[in-house]
Amino acid sequence: MSTVSKSARRIMELSRGVRAHSAAATANGTAIRMGSNGLEVPNDPIIPFIAGDGTGPDIWNASVRVFDAAVEKAYKGERKIVWKKVLAGEEAFRKTNEWLPEETLQAFRDYLVGIKGPLTTPLGGGIRSLNVALRQELDLYVCHRPVRYFKGVPSPVKKPELVDMNIFRENTEDIYAGIEFMNGSDEAKQVLALLEKLGVSKKVRFPESSSFGIKPISKEGTTRIVRAAIEYAIEFNRPGVTLVNKGNIMKFTEGSFAKWGFELATSPEFRDKCVTERESWILGNRDDGVEDPVQNAKLLEPGYDMMTDAQQDAAVQEVNDVINSIYATHGNGKYKKMVLVRGVIADIALQQVLTRPDDFSVVCCPNLNGDYLSDALAAQVGGIGIAPGSNENLVTGHAIFEATHGTAPKYAGQDKVNPSSVLLSGNMMLNYMGWNEAADLILNGISSAIEAKRVTYDFERMMEGATKLKCSEFADEVISRM
């Protein structure tokens, strides 16, 4: 593994491995750079920010005070973030007639690390989603969504404290590629003609009124997101990686996502650190004294006796291959200390994260599955108003941290909404930069404020004996409790 890749892995959440350095600074701050050993963060980094639409300005004005206070308290003036405002969304459109100006993209390219509030999705044609556009333009292929419970947060489930997961969502492919053709259009007719040529047009129930979408999932895109998930699990001592997919139906797209993920996990790159779930069953049977490969295969496949001869032979061969190739390195219980990589079908995963959340640690999935899962999990620990997120390219070092909720325009300008999504995204950003002491102060302040039941309206209305605070007042509370 390259030094750059290793460093990128280390700076993802609680890393202590990236050290801020003194750089030749200007009055306007210094750009973060990606060096041969990972991110090079000066003491006065320039961080582009987008305040956001709707409630975005309220949230940003509260959050930036918390960020600055945490940095000041942690480093006593030796470090300071130089904030650089850039435009996107409604404000950009009003001022430049563009939803996402090139100057904004260039700022994120130049300064590597940035943060943003919620953005409006423009109506009509053109850009479908500003968030998706930013991810695709900068190739931010990792969407990292940590989901954890804060004591005292109201939850609809009985044991929300069991939820402690990190979602790694592929960020650039799947249906979010935006390749769609409206029904009745010339393009849709061409797609239908192609399906007729391929002999599958009869599978389209109502061809004349059907719209069509393309779902690209590549081996390269899959490999780099699965690598990020496995490296994270190894670095932070997480027990397993779950590949959530709908491969039982979409066999060549999501099925390939799981297949390529397992291939990476069992490749020389990770062979000494990982074990697949089926391998663990075979190794466990052998550890329990089952030496006969046929008997091991019967334990591996409960329906063994109803299989065809060819299927039985394949099961026995799988057992022999595992025992012969990795029993010496993974057997005798050694595999239990390795990262367990397993696959779970998406619909079952959505059920099990509710009923058995402690079975999940690091979750890796294609784009759409990750969208569903991250929001469903956020609901268990307080909702997306308290859910942080990052979009990262672990090769170039580019990263944008963001609120994961919408703009809530009906509350705009009321100083009312919960700023925790941006606050926690800032916590992730500071950890990414290696400024862990400041990041910890933000986390401590939020946790303490919630536990003391001094919260914004969304939590106050569901917590007995809570004190309702404005958005800005909650920021003051967090700062006072650092």
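Colleague: Which residue stands opposite Val 363 in S13?

Modeller: The model is a predicted one. Strands S7 and S13 run parallel and are joined by 4 bridges. Across this pairing, the residue opposite Val 363 of S13 is Ile 167.

Colleague: What is the bridge partner of Phe 168 in S13?

Modeller: Strand S7 covers residues 164–170, and S7 is joined to S13 in the parallel sense. The bridge partner of Phe 168 in S13 is Cys 364.

Colleague: How many bridges does S13 form with S10, and which residue of S13 is the bridge partner of Leu 243?

Modeller: S10 and S13 also pair in the parallel sense, over 3 bridges. The partner of Leu 243 in S13 is Cys 364.

Colleague: Are the side chains of S13 that point either way from the strand buried or exposed?

Modeller: Val 362 and Cys 364 point one way from S13. Val 363 and Cys 365 point the other way. For both pairs the answer is buried.

Colleague: In what order do the strands of the sheet lie, and which are the edge strands?

Modeller: The sheet is open, has 11 strands and shows mixed pairing. Its order is S4-S3-S5-S15-S14-S6-S7-S13-S10-S12-S11. Each edge strand pairs on one side only, and these edges are S4 (82–85) and S11 (274–276).

Colleague: By what angle are neighbouring strands of this sheet turned against each other on average?

Modeller: The sheet in question is the open one of 11 strands. With direction ignored, the average turn between its neighbouring strands is 25°.

Colleague: How far apart are the end C-alpha atoms of helix H13, and what span should its residues give?

Modeller: Helix H13 covers residues 367–380, which is 14 residues. At 1.5 Å a residue these should span 20 Å. The computed separation of the end C-alpha atoms agrees with that expectation, at 21 Å.

Colleague: Which elements do the buried residues of H13 pack against?

Modeller: The buried residues of H13 include Leu 368, Leu 373, Leu 377 and Ala 378. Polar residues are listed too, among them Asn 367, Asn 369, Ser 374 and Gln 380. The buried residues of H13 pack against strands S6 (142–148), S7 (164–170), S10 (240–245) and S13 (362–365), and against helices H8 (254–265) and H12 (346–355).

Colleague: Which residue just after H13 takes a positive phi?

Modeller: Helix H13 covers residues 367–380. Just after the helix, a phi of about 120° is taken by Gly 382.

Colleague: Where do Asp 174 and Asn 332 lie, and is each buried or exposed?

Modeller: Asp 174 has a positive phi of about 65° although it is not a glycine, and Asn 332 has one of about 55°, again without being a glycine. Asp 174 lies in the loop between S7 and strand S8 (180–181), whereas Asn 332 is found in the loop between helix H11 (309–330) and strand S12 (339–345). With a relative accessible area of 1%, Asp 174 is buried. At 60% relative accessibility, Asn 332 is exposed.

Colleague: Why does Cys 274 form no disulfide?

Modeller: A search of the whole structure finds 0 disulfides. Cys 274 is buried, with a relative accessible area of 1%. A disulfide requires two cysteine sulfur atoms within 2.5 Å. The closest cysteine sulfur to that of Cys 274 belongs to Cys 364 and is too far for a bond, because the separation is 12 Å.

Colleague: At what angle do H2 and H14 pack, and which residues of H14 make the contact?

Modeller: Helix H2 (residues 56–75) and helix H14 (residues 420–433) pack at about 35°, with their axes 9 Å apart. On H2 the contact is made by Ile 59, Trp 60, Ser 63, Val 66, Phe 67 and Val 71. On H14 the contact is made by Val 422, Leu 423, Gly 426 and Leu 430.

Colleague: Which residues does Asn 285 touch, not counting residues up to four places away in sequence?

Modeller: Asn 285 lies in helix H9 (residues 277–287). At 14% relative accessibility, Asn 285 counts as buried. With residues up to four places away in sequence left out, Asn 285 touches Val 290, Asn 296, Leu 299 and Leu 300.

Colleague: What separates the C-alpha atoms of Thr 266 and Ser 421?

Modeller: Thr 266 is placed in the loop between H8 and S11 and counts as partly exposed, at 29% relative accessibility. Along the chain, Thr 266 and Ser 421 are 155 residues apart. Their C-alpha atoms are separated by 36 Å.

Note on methods
Residues are numbered from 1 along each chain as its sequence is written. This is a predicted model: local features need pLDDT of at least 70, side-chain atom pairs count only at pLDDT 80 or more; totals for chains, interfaces and linings use all residues. Side-chain values use heavy atoms; hydrogens and water are left out. Buried means under 20% relative accessible area, exposed over 50%, partly exposed in between (1.4 Å probe, protein chains only). Helices (H or I, at least four residues) and strands (E, at least two) are DSSP runs, numbered from the N terminus. Contact means heavy atoms within 4.5 Å. The expected span of a helix is 1.5 Å times one less than its number of residues. Two strands pair if DSSP finds at least two bridges between them. Axes are lines fitted to C-alpha atoms, for helices over the stretch in contact, and angles run from 0 to 180 degrees between N-to-C directions.
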